[in-house]
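Colleague: I would like to go through this model with you and ask how each label was reached. Could you show it first?

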Amino acid sequence: MDLTRTEVAPRQGRRSRRSAAARLGLVAVPVAFFAVFFAYPVAAIVARGLKVDGRWQFGRIVDVVAQPDIRHVLWFTTWQAFASTALTLLVALPGAYVFARFAFPGKQVLRAVVTVPFVLPTVVVGTAFLALVGRGGLLDELWGVRLDTTVWAILLAHVFFNYAVVVRTVGGLWSQLDPRQEEAARMLGASRLAAWRQVTLPALAPAVAAAALMVFLFTFTSFGVVQILGGPAFSTLEVEIYRQTSEIFDLSTAAVLTIVQFVAVGAVLALHAWTVRRRETALRLVDASATARRPRGAGQWALLAGVLASIAVLLLLPLAVLVQRSLDAPDFGYYRALTSEDGGIFLVPPIEAIGNSLQYAVAATAIAVVIGGLAAAALTRRDAGRFVRGFDALLMLPLGVSAVTVGFGFLIALDEPPLDLRASWILVPLAQALVGVPFVVRTMLPVLRAVDVRLREAAAVLGASPWRVWREVDLPMVRRALLVAAGFAFAVSLGEFGATVFIARPDNPTLPVAVARLLGRAGELNYGQAMALSTILMIVCAVALLVLERLRTDRTGEF
Amino acid sequence: MSITSRRFAAVVVGLGMVGLSACGSSDSGTGGGSKTVTLVSHDSWAVSKNVLAAFEKQSGYKVRVLKDGDAGQAVNKAILTKDNPQGDVFFGVDNTLLSRALDNGLFQSYEAKGSDQVLPEYRVDQDKHRVTPIDTGDICVNYDKAYFSKHELTPPTSFDDLVKPAYKNLLVTENAATSSPGLGFLLGTAAKYGDDNWQDYWKKLKANGVKVVDGWEQAYNEEFSGSAGGKKAKADRPLVVSYASSPPAEVIYADPKPKTAPTGVATGTCFRQTEYAGLLSNAKNTKGGKAFLDFLLTKRFQEDMPLNMFVYPVRKGAQVPEEFVKFGPQAKNPQTMAPDRIADHRDQWVKSWTSLVLK
């Protein structure tokens with residue numbers, strides 16, 4: 001490798017200056033995006049809370065953090081996030097393996113279905129999840145165990161929500177690792193465990209860490225799950241920020257808590273960068289379909305059965321409860337009610353929420369893929385400067401900031417022309433894209449970094465422009481990752497509830513907003529329609545993800 | 001390879017364009033000069049299409065509606081943006097938040113036409129006319145009729161009843177810190193028992209097994225045995241803190257409609273909420289805003305409200321639908337509280353309530 005480097009060095013000099021400029025160009029767009037639509041609004045709302053008569057009140061930070069209640073919240077937030085992440089990895093890593101390495105009928109559909117919980121509004125899923133752990137639930141029927149209003153319900157629900165994050169992020173890379181490398185190690189005398197530990201695990205580590213990081217961020221900032229399943233006795237920082245901003249209107253306490261959450265998330269991101277980033281290496285990636293095969297031997301069949309059983313109990317059962325409740329009226333009564341303009345919760349039939357959601361999701365996905373793709377491309381080079389690497393971590397910060405903070409920030413920051421976007425439809429997909437971009441970057445980066453740098457250098461030596469190099473070398477290899485990323489961004493946007501409700505909008509509700517509004521009113525038909533609309537949301541999401549998978553398989557065999 | 005990758009790029013770009021142009025069509029446009037009047041409200045705002053269209057036709061204004069989250073969020077956001085408001089009229093500040101809005105200078109004075117037709121008990125701010133009362137509703141304990149007839153038990157009717165042993169472990173309520181009915185119920189007990197004794201009442205309620213969940217949705221749809229969701233979830237609490245208009249909703253939103261409501265209201269447990277609207281300070285279209293406030297007090301709008309927002313009119317002589325009269329009559333002597341008193345005590349009460357009941 002070193003030899004190759006020295007050989008191309010003379011040409012490399014000129015070229016690297018040009019590519020540095022190109023990289024700066026690539027970085028500029030996402031930087032501007034995050035500066036305008038994230039950093040500025042959040043800074044504005046924090047400043048509103050902490051600045052009195054033009055003077056910063058930093059003393060408030062000490063006051064607030066010193067309160068025993070707040071310290072308790074901080075402790076609970078942290079430990080439940082660690083526990084949830086560990087539990088999710090424990091349950092979902094075997095799943096990632098099974099999806100990556102085994103071929104079995106219905107695999108594609110199942111992979112789409114396990115992603116569904118991730119996009120459902122928590123208010124709905126919380127309800128369904130009670131059917132597993134609550135009164136009269138499966139555990140109650142079998143063993144008389146009720147977990148609702150215990151921390152176990154929160155932890156299990158976090159597994160339920162984040163299962164797909166691990167399966168998709170880790171499984172995506174795992175399926176492209178060449179199994180022959182591990183086999184070669186075994187031929188050379190390594191035990192199965194040693195071969196796995198020394199060949200597969202190092203290759204997989206960045207993806208596992210990326211998944212763990214995302215699960216941690218999601219559970220650290222958990223909101224709906226904690227409220228619904230934990231009851232009022234449990235509170236995370238996110239819940240407390242919501243309460244202070246939205247109910248008590250104590251912006252100064254909210255600002256302090258936002259900063260605390262920001263610092264905590266920043267610390268986790270820094271830790272992640274420090275431990276993992278250096279281990280990312282070029283990998284030999286192969287076509288995913290070539291690595292999966294039917295399970296062999298009792299052990300593999302048992303593993304497959306175990307994973308399928310855990311999916312059935314933990315993921316499918318709650319979803320099935322929703323579907324069953326949506327059908328609990330003669331002749332699909334709840335579904336038929338969706339098409340009528342009844343008593344006026346909406347000016348339009350609730351069914352139109354599907355169209356609204358799809359439009360927003362397409363726009364948000366386009367934004368997220370463009371911004372995230374540019375950022376990932378800029379971050380690919382391992383010789384990227386410290387500034388660029390720091391930017392990598394910054395991209396994840398939106399996941400660590402409360403939706404209510406961003407929503408209120410938009411309101412006071414984006415209120416002057418040319419950026420008076422407060423009442424514009426674009427604000428919704430923009431807010432959704434903020435959540436989608438980290439997924440795009442995190443999904444694409446490990447794969448982009450795994451592309452052997454010598455391929456790019458060879459293309460450059462042969463006279464290809466940086467754009468052409470990216471198109472001919474990188475794109476074909478990362479197309480799969482790009483589609484996975486787009487699928488995630490789309491799904492996140494479909495299910496996004498937080499920012500969407502915190503932004504003022506004309507009366508074209510998205511699916512999650514419509515569901516929440518139906519659930520907010522008494523009456524059997526409203527409840528039934530909420531279940532029916534949730535079922536439709538599930539189906540729309542599953543179909544969207546399946547279509548993306550289909551797109552991918554049409555093109556396999558190209559690399 | 002390059003051909004397929006180009007085609008792929010085209011698909012991505014194309015999808016993006018479809019999305020952008022599709023969403024573009026739902027853009028209602030900003031500005032619009034003096035011919036557009038913008039209403040800022042909470043998520044529960046609703047009006048019949050033909051009623052709004054009649055106003056637009058008669059006044060010549062086009063109405064743009066911005067929904068800004070739940071009631072508390074909408075008020076807070078309006079206060080945050082009061083120097084450069086998002087619209088002209090704000091609807092949906094209730095008596096629990098009124099002082100916050102007035103003290104922050106959210107509204108400018110305007111006495112809407114028809115103010116003299118408002119029932120006297122709902123009038124406030126009579127010297128400055130910064131807000132106009134629009135609707136009212138009661139937060140009350142609802143009961144599951146089937147449960148009480150099956151157990152041959154008389155449903156409770158008052159706050160005092162709720163702490164009796166006969167009703168042990170039957171009531172579910174909402175977190176007063178996060179839920180509007182939860183707060184209303186707490187304020188009702190504070191109004192009834194006074195500053196000194198409401199905590200004792202809650203101690204008894206706690207001893208009698210009251211359950212607290214975070215929001216109305218969980219309380220009503222998950223824990224309350226009288227609701228559709230509760231039945232499916234095998235809920236075991238036949239008493240819930242909800243609205244006086246919930247029983248009518250159970251009749252109206254049922255197919256086929258039952259002859260009588262499956263739930264009833266404990267009329268001695270009610271706390272009255274009134275919602276106000278006002279002309280925003282620094283509104284761009286004050287003339288249009290005034291016309292819209294007048295519209296909110298017209299008989300037509302007042303009679304349209306109940307079935308849209310499940311509230312009662314404040315205008316004298318406005319009729320309410322039959323289901324409301326039969327299944328959700330307004331309480332005779334509901335608890336109420338002056339907005340100033342709520343403003344002075346609210347945070348402290350919620351804090352003591354939290355440590356008393358939740359910890």
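Modeller: What follows is a set of questions about the terms used for this predicted model.

Colleague: Let's start with chain A. What makes up its secondary structure?

Modeller: Chain A has 24 helices and two strands. Of its 559 residues, 53% are buried.

Colleague: Why is helix 16 of chain A called oblique to helix 21 of chain A?

Modeller: The axes of helix 16 (residues 352–379) and helix 21 (residues 466–495) of chain A come within 9 Å and cross at roughly 140 degrees. Roughly antiparallel needs an angle over 145, and roughly perpendicular covers 65 to 115. That crossing angle therefore makes helix 16 of chain A oblique to helix 21 of chain A. As for its hand, the crossing is right-handed.

Colleague: Which residues meet there, and what classes do they belong to?

Modeller: Helix 16 of chain A brings residues including A:Tyr360, A:Ala364 and A:Gly372, and these helix 16 residues meet a set in helix 21 of chain A that includes A:Trp470, A:Ala486 and A:Phe490. By class, the contact has 13 nonpolar, five polar and no charged residues.

Colleague: And A:Asp331: what makes this residue count as exposed?

Modeller: A residue is exposed if 12 or fewer other C-beta atoms lie within 10 Å of its own. A:Asp331 has 7 such neighbours, so A:Asp331 counts as exposed. A:Asp331 sits in the loop between helix 14 (297–326) and helix 15 (333–337) of chain A, and its phi is near 55 degrees, a positive value in a residue other than glycine.

Colleague: Why mention the sign of phi?

Modeller: Because most residues other than glycine have a negative phi.

Colleague: Now chain B. Why does B:Glu152 count as exposed?

Modeller: B:Glu152 has 6 C-beta neighbours inside 10 Å, and therefore counts as exposed. Its phi, near 45 degrees, is positive too, and its place is the loop between helix 5 (145–150) and helix 6 (159–162) of chain B.

Colleague: How do you know that strand 9 of chain B pairs with strand 5 of chain B?

Modeller: At least two bridges are needed for a pair. Strand 5 (residues 132–144) and strand 9 of chain B have eleven, in the antiparallel sense, with B:Thr132 opposite B:Ala277. Strand 4 (residues 107–108) of chain B also pairs with strand 9, over two bridges.

Colleague: What makes strand 9 of chain B mostly covered?

Modeller: Buried takes 20 or more other C-beta atoms within 10 Å. In strand 9 (residues 263–280) of chain B, 17 of 18 residues are buried.

Definitions and conventions. Residues numbered from 1 in each chain as written. Chains lettered and ligands numbered in written order. Predicted model: local features only at pLDDT ≥ 70, side-chain atom pairs only at ≥ 80, totals over all residues. Axes fitted to C-alpha atoms, helices over the stretch in contact; angles between N-to-C directions. Helix = DSSP H or I, 4+ residues; strand = E, 2+ residues; numbered from the N terminus. Parallel < 35°, antiparallel > 145°, perpendicular 65-115°, else oblique. Left-handed = near helix turned anticlockwise from the far one by under 90°. Contact = placed C-beta atoms within 7 Å. Nonpolar A, V, L, I, M, F, W, Y, C, P; charged D, E, K, R; others polar.
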